[in-house]
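The exercises below are to be worked through with the sequence and the 3D structure at hand. Each task is followed by a solution that goes step by step.

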Amino acid sequence: MTTQTLQEHLLYGLTLVGRAVPKHTSLPILSTICFTIEDNQLRLAATNLELAIAHRIAVQPNGDGNWALAVPAANLVDLVKTLPPETVHLQPGEDQLALTCGSAQAQFQTFDAADFPTLADPDTAETITTLRAGDLARALRHVTLASSDDASHTVLSGIRLRVDHNNTLILDAADGFRLAQYHAPIGDCIKESTLIVPGSALAELCRILTKVDPEMDVTLSTTHAGNRVHIHLGDTLVSAALVDGNYPDLDRIIPEAYTTRAIVTRTTLLQAVDRARIFARDHGKLVKLAVDPGAMFALVVAAEADAGGQGETQLTATVKGDALELYCNVDFLREQLKAMDVANVILDFEQPLKPFALYGEDDAAFKSVIMPMHTGRQQAD
């Protein structure tokens, strides 16, 4: 029996699920992509146990019967990339999969699909809510960069998702030096829930969402065991193991007051930060923000290099409150500005060594907080 599908469909599916294949693993089965033919559909699946991605493709089977094989991912994906945009024929055999496309032929040794980790059936999961793909993508773009990549901080390596009856999905991320919070609109709240999802898994989901219709419905659900979250969008399923632990109360960290406020064009500030980063990258990533409502240029962005040299950009900004000067990590500020999609941003400061808030002038959905960096100069002041 032979199964047929288009090269572009097969490549899209393999590339998609291949993001869940671990780069290094002691379990050979995890380096494979599982092929399952059932009901005129090809289901591709891959997992690193924490993250699993599955994708369905409509196929034309010649002959009767279903089959399943686990195929090593690396060579398979690389080969399919080189194939012409024609029909691909897949022929299962004993411990191998034969592939033909035009004049190209290949055989791959396979593993028994029975050894592939069982993925929880999304049809038996408990639905929490639905939301638009575009809304979820925008939320993840704003918060995923703030989750910790430090394996010793297990809870902070996750992003907290809170679904409430106010028809809002609140996403929280923090790494101990910055935090990001986003309020995304959802459909009906079917079940109030609080989940901590690995930030790495949601970063992969964010990449997938950029390639789908922003109006597509995305369904969030959990397994009955309550240990995994399913994100279902069209023919694709992303599943992630939930993180155990108590997430910090970020609402208490977000400043409620300010002594100095600066409003500036986002792109102008981002350009100034990019210039400062040239000098700051070998000087502890320190960038100085100087705010002075009485100056001709009310906001100055500056940095110095270890090997000598410095650069600064003087910006026109709307400022009220006290003059203030602080230092922060240039990458934290830059990454957050790049993720935002507003015309003007607001920076709210309280004191040079207290966290400051960054958010859009007309964007009540998002707020981020960045910790300043302590320097000897501030101590001297």
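Arginine 261 counts as buried because its relative accessibility is 19%, where buried means under 20% relative accessible area, exposed over 50% and partly exposed in between (1.4 Å probe, protein chains only). The model is a predicted one, in which local features need pLDDT of at least 70 and side-chain atom pairs count only at pLDDT 80 or more, while totals for chains, interfaces and linings use all residues. Residues are numbered from 1 along each chain as its sequence is written, and side-chain values use heavy atoms, with hydrogens and water left out.

**Exercise 1.** Determine which strands are tied together by the salt bridge of aspartate 348 and arginine 261.

*Solution.* Begin with the contact: the side chains of aspartate 348 and arginine 261 meet at 2.7 Å, N to O, and a salt bridge is a side-chain nitrogen of Lys or Arg within 4 Å of a carboxyl oxygen of Asp or Glu. Next, place the partners: aspartate 348 lies in strand S25 (residues 344-349) and arginine 261 in strand S19 (residues 260-265), so the pair ties together parts that are 87 residues apart in sequence; strands (E, at least two residues) and helices (H or I, at least four) are DSSP runs, numbered from the N terminus. Finally, check the cover of the acidic partner: aspartate 348 is buried, at 8% relative accessibility.

**Exercise 2.** Locate the partners of the salt bridge between arginine 138 and aspartate 363, and find the network to which they belong.

*Solution.* The closest N and O atoms of arginine 138 and aspartate 363 are 3.2 Å apart. Arginine 138 lies in helix H3, whereas aspartate 363 lies in the loop between strand S26 (356-360) and strand S27 (366-370), so this salt bridge connects parts 225 residues apart in sequence. Both arginine 138 and aspartate 363 are buried. A network of salt bridges links Arg138 and Asp363 with Arg141 and Asp341.

**Exercise 3.** Alanine 133 and valine 218 are 85 residues apart along the chain; what separates their C-alpha atoms in space?

*Solution.* Alanine 133 belongs to helix H3 (residues 133-143) and is buried, with a relative accessible area of 0%. The C-alpha atoms of alanine 133 and valine 218 are separated by 5.8 Å.

**Exercise 4.** How many residues of helix H4 are buried?

*Solution.* Helix H4 (residues 199-209) is mostly covered, since 8 of its 11 residues are buried. Among them are Gly199, Glu204 and Cys206.
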